[in-house]
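These are my notes from a first look through this structure, kept in the order in which I looked things up. I began with the strands and then moved on to helices, cores, contacts and backbone angles.

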Amino acid sequence: MPLEALVFYLLAALTIGSALIVAGSHNLVYSAFALLGTFMGVAGLYALLAADFVAVIQVMLYIGGILVLILFAVMLTHRIADVEVSNRTVGRIPAALILGVVGTVMGVCIEAAEWVQHAEPVVEPTTLGIGEAFLGPYILPFELASVVLLVALIGAVVVSRKELRGPMVDG
Amino acid sequence: MDGLLLDIGLRHFLFVSLAVFVLGLYCVLTRKNAIGILLGVELILNSANINYIAFSHFSSGNYDGQVFAIFVIMLAAAEAVIGLAIVLGIYQNFSSIDIEAVDSLQG
Amino acid sequence: MDHPLLVSYLRWIVLFPLLGAVVNGVFGAKIQERFGKNGISIVACAAVGLAFIFALRAFFQLTGVAPEERYLLDTLLRWIHIGSLQVDIAFAVDPLSAMMILIVTGIGGLIHLYSIGYMHDDEAYWRFFAYLNLFTAAMLTLVLADNLVLMFVGWEGVGLCSYGLIGFWYKEHANTTAGNKAFIVNRIGDAGFTLGIFIIFWSLFEAGHGTTAVFRDLSQLIHHLEGQLVWGIPAATLAALCLFVGAAGKSAQIPLYVWLPDAMAGPTPVSALIHAATMVTAGVYMMARMHFLFSMSPVALGVVATVGALTALVAATIGLAQFDIKKVLAYSTVSQLGYMVLGVGVGAYGAAVFHLMTHAFFKACLFLGSGSVIHAMGDEQDMRKMGGLREKMPITFWTFLISTIAIAGIPPLAGFFSKDEILWLTFSGGHPLLWLIGFAAAGMTAFYMFRQIFMVFFGENRADEHTKEHLHESPPVMTYPLIVLAVGALFAGFLGVPPALGGSNILEHWLEPVFAGGHGGGHTAHHHVEVIEYVLMAASVGIAAVGIFLAYLIYYRRSVSADTFTAVGGGVPYQAVFNKYYIDELYHATAVRGTLAVSWLCSVFDRNVIDFIVNNVAKVTGVIGWAVGRFDHYIIDGLVNGLADVTFGIGNRLRQIQTGNLSIYLYVIVGAIAVSQFLPRVGADILFPVVIVFLSLVIVVGIALWLSTRRIQWRLMLTKEGVSELR
């Protein structure tokens with residue numbers, strides 16, 4: 001078995017296995033922690049695909065930022081003392097049916113489609129190219145993205161601010 | 001058959017992506033907890049990103065896919081921030097983050 | 001005559017009084033409140049005074065040009081231009097209308113002044129002056145109109161104001177009845193007038209030379225009426241007779257005179273201005289204006305002359321036996337108008353207009369004098385309760401006396417010249433019988449006027465003590481106009497001194513350009529038979545003297561009792577005269593009853609036939625409406641409501657899809673994606689994508705409803721336990 005295939009299968013197993021826990025676990029904290037495995041596996045897959053920069057970003061942003069945020073949210077909305085951190089699920093059977101259909105159809109599509117492929121995938125450091133792409137053809141979306149982040153920042157503060165009930169008493 | 005399994009190509013990545021997507025969707029559909037749904041959404045976004053990178057590597061040969069993946073990660077961050085803020089807001093107003101309890105929009 | 005002098009100030013003669021009427025009519029109550037009654041009278045008198053100044057200007061401009069060119073024209077607005085008929089709002093002044101506007105604005109102005117004193121205690125002071133100004137404007141429109149149509153506007157305007165002023169004290173029913181009577185009787189005359197206008201238009205048009213309403217053009221075109229027939233009657237005769245009906249209505253001739261005595265219900269200045277000096281002469285003026293038409297028809301002239309003479313006599317006889325001071329003057333007015341119409345009828349237009357002018361002076365003076373008396377007597381009008389006012393009211397007495405002498409026809413006062421000229425021209429024109437009638441009427445006039453003088457101003461005062469104490473001469477604002485008018489009555493006659501008496505008949509020469517076109521035969525002959533003229537003059541002076549002497553004997557010396565005359569013929573003639581020949585009763589029995597009978601028939605017809613039809617139509621309509629209503633209620637409404645119910649039902653079911661539950665929405669989304677992907681693949685060659693979409697929709701909705709039902713049950717359960725607990 002070639003090393004590449006071995007690494008791929010290991011990473012795929014990590015990713016899908018963690019995702020199964022995320023989707024199936026009754027405990028929300030478990031699900032959140034299982035998400036860590038999925039993100040790691042996905043980052044590994046990026047690296048396998050020669051996307052070194054994106055892999056690093058994945059680790060930094062997803063694991064270092066988003067996942068921590070989600071964990072905080074879980075902790076904030078459920079008191080630690082509360083044992084039953086609810087992660088109840090509804091309608092497993094219809095969901096499974098629907099997803100069976102969707103998954104089957106998509107799988108058939110993936111298998112049947114004539115994908116365009118280069119003869120020889122390039123493997124090289126990508127940071128320089130991505131940087132040039134961001135400051136070249138993608139300059140406008142790049143700047144807009146910064147605006148979106150700012151808006152999200154302010155919006156999050158506004159939305160999660162505690163509503164003051166009754167007459168405002170200003171200190 | 002062996003070649004197919006061992007010669008890792010585009011389709012392998014797409015299947016992994018498909019699995020993550022289906023699991024994410026399942027998570028979104030079945031969770032009653034708003035944070036659980038957000039977790040599912042993260043899974044779906046990751047599956048989309050796997051696709052981007054895979055196509056970028058195998059098909060296009062340029063950096064467009066990776067650039068898009070970075071945008072998606074960025075938007076996912078924003079979405080997580082907003083989504084969690086909304087969840088916190090709901091929790092403050094309804095004392096619950098059970099989405100079935102939050103049905104003010106019922107017709 | 002062919003080129004009128006175009007001027008632009010004639011309009012102000014009409015517009016100033018109109019402006020005064022508008023100001024006093026619209027803002028009068030406010031002005032009276034703010035500035036007192038003087039404000040009202042200043043506006044009203046200034047309006048007439050300004051009109052008088054412009055009238056004088058027109059007069060002097062006329063005197064400044066050659067007699068043939070004496071014609072001023074002021075076109076204010078285009079009005080009616082249809083084919084060859086061109087009617088403008090245009091004012092014209094020729095010698096005839098110049099004289100008339102001087103009378104209307106001059107005497108009218110004096111009467112305005114007089115009214116300041118007479119109406120001083122009336123609450124509706126402003127309304128009175130508004131009417132008076134409006135009347136002046138309408139009368140001036142009538143006189144100045146350069147065409148028949150505009151003249152008719154003025155004609156109706158003066159009728160309207162007359163109606164308003166007769167019923168001025170409208171709180172008493174008798175006054176409004178009198179106003180109605182005047183208005184209705186005048187309607188008959190107006191109908192004749194309009195018919196006359198139409199006949200002229202029509203016949204001229206038929207004659208094929210274009211039609212016109214302008215007097216100057218009419219006088220040129222009128223000969224085309226020669227030979228035209230309308231219903232077998234010569235058009236000129238018919239038109240002239242129709243116009244005469246109008247004139248008889250306005251100028252109170254038999255048989256339409258009945259309204260004028262009743263018109264005395266109005267305030268006395270109104271009687272003087274409208275029902276003596278100006279408006280009632282409108283008929284005479286109109287006939288003089290249309291003299292070219294009347295001259296074409298000997299038949300019409302004969303009718304006019306006969307009616308005029310009879311009116312003069314009949315009114316005079318009625319006047320003999322009246323006791324109401326104003327009624328006597330009213331019948332006297334009718335009688336004098338009869339003279340004028342007689343003058344027109346014999347073609348003596350100049351003499352008729354001359355008499356019109358002198359009559360305006362002395363009759364206005366008489367009416368104002370009687371007003372002064374009535375004022376002093378505390379609104380008492382019965383002469384039997386007067387007497388001996390000579391000492392108390394010297395100015396009123398002397399002016400009244402002068403005017404009475406003038407109307408009686410004693411030379412050299414105004415009435416003598418004018419009345420005698422009419423009588424002379426009647427005689428010389430070949431109408432000795434009409435002369436005799438007029439002659440008799442002249443004697444009666446002298447009698448009843450002096451009867452009035454003696455009853456009012458001489459002898460013992462027969463009023464009660466209270467009234468006696470308050471007897472006083474009227475204020476100067478009332479006596480000055482009397483004096484001016486008396487002076488007019490004294491000297492106006494010298495404008496028309498006939499050549500037989502060494503005069504030059506200034507007025508006749510002045511009017512000559514107007515009547516030059518007519519065939520009026522009267523004044524052509526009178527140079528040759530002077531001896532008879534002198535004889536006739538002496539005779540009329542003589543009969544006037546006889547009348548005065550009789551009155552003196554009966555009512556001053558009382559050496560002859562009035563009863564000797566009233567008892568003649570068993571008192572029947574006296575009763576007839578005293579009761580005005582029962583004309584009013586006759587009219588009541590015939591015209592009024594007839595009209596009421598016709599209206600009763602109409603009402604019966606209306607109730608039994610028209611109402612029957614209407615009611616049945618209503619019933620049928622009701623039945624149809626009921627049927628339509630049922631149809632509407634069950635079919636149309638049923639459809640509409642059914643549609644609404646179906647829509648509501650569908651909506652009510654579909655509403656439940658909208659659960660507000662996020663997971664169900666997600667199921668629907670994902671399910672729809674799955675189905676839309678799955679279906680095309682299993683039925684690879686399904687032909688109709690529409691069917692696919694529809695089926696997907698049905699399946700999705702079905703799932704959603706299934707889920708929502710579950711959800712509702714769950715919700716119900718929650719409600720029982722209390723939702724608030726969960727939240």
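I looked first for a sheet, and found three strands of chain C forming an open one in the order β1-β2-β3, with mixed pairing; strands here are DSSP runs of E of at least two residues, helices are runs of H or I of at least four, and both are numbered from the N terminus. Two strands pair if DSSP finds at least two bridges between them. The edge strands are β1 (5-6) and β3 (85-93) of chain C, each of which pairs on one side only. Strand β2 (residues 72-82) of chain C pairs with β3(C) in the antiparallel sense over nine bridges, and I noted that C:Leu73 has C:Ala92 in β3(C) as its bridge partner.

Before going further I wrote down that this is a predicted model, in which local features need pLDDT of at least 70 and side-chain atom pairs count only at pLDDT 80 or more, while totals for chains, interfaces and linings use all residues. Residues are numbered from 1 along each chain as its sequence is written, and chains are lettered from A and ligands numbered from 1 in the order in which they are written.

Next I turned to chain A, whose secondary structure comes to six helices and zero strands. Of its 171 residues, 27% count as buried, a word I use when 20 or more other C-beta atoms, placed from the backbone, lie within 10 Å of a residue's own, with exposed for 12 or fewer and partly exposed in between.

I then looked up where chain A meets chain B, and the contact takes 76 residues from chain A and 61 residues from chain B; two residues are in contact if their C-beta atoms, placed from the backbone, lie within 7 Å. On the side of chain A that touches chain B, α3(A) gives the most, with 14 residues.

Which helix of chain C did I check for length and burial? I chose α14 (residues 325-345) of chain C, which has 21 residues and reaches 30 Å from its first C-alpha to its last, close to the 30 Å expected at 1.5 Å a residue, where the expected span is 1.5 Å times one less than the number of residues. All of it is packed in: 21 of the 21 residues of α14(C) are buried, so the helix is largely enclosed by the rest of the structure. Just after α14(C), C:Gly347 takes a positive phi of about 85°.

For the cores, I counted as nonpolar core a set of buried Ala, Val, Leu, Ile, Met, Phe, Trp, Tyr and Cys residues joined through C-beta atoms within 7 Å. The largest has 229 residues, and C:Ala489 is among those with the most contacts inside it. Leaving aside neighbours within four places in sequence, C:Ala489 is in contact with residues including C:Phe361, C:Ile402 and C:Leu413. A second, separate core of 81 residues includes A:Leu11 and B:Leu23.

Last, I looked for unusual backbone angles, since most residues other than glycine have a negative phi, and most peptide bonds are trans. C:Ala252, in the loop between α8 and α9 of chain C, has a positive phi of about 55°, and is buried, with 32 other C-beta atoms within 10 Å. C:Pro255 is found in the loop between α8 (235-250) and α9 (259-262) of chain C, and the peptide bond from C:Ile254 to C:Pro255 is cis, with omega near 5°.
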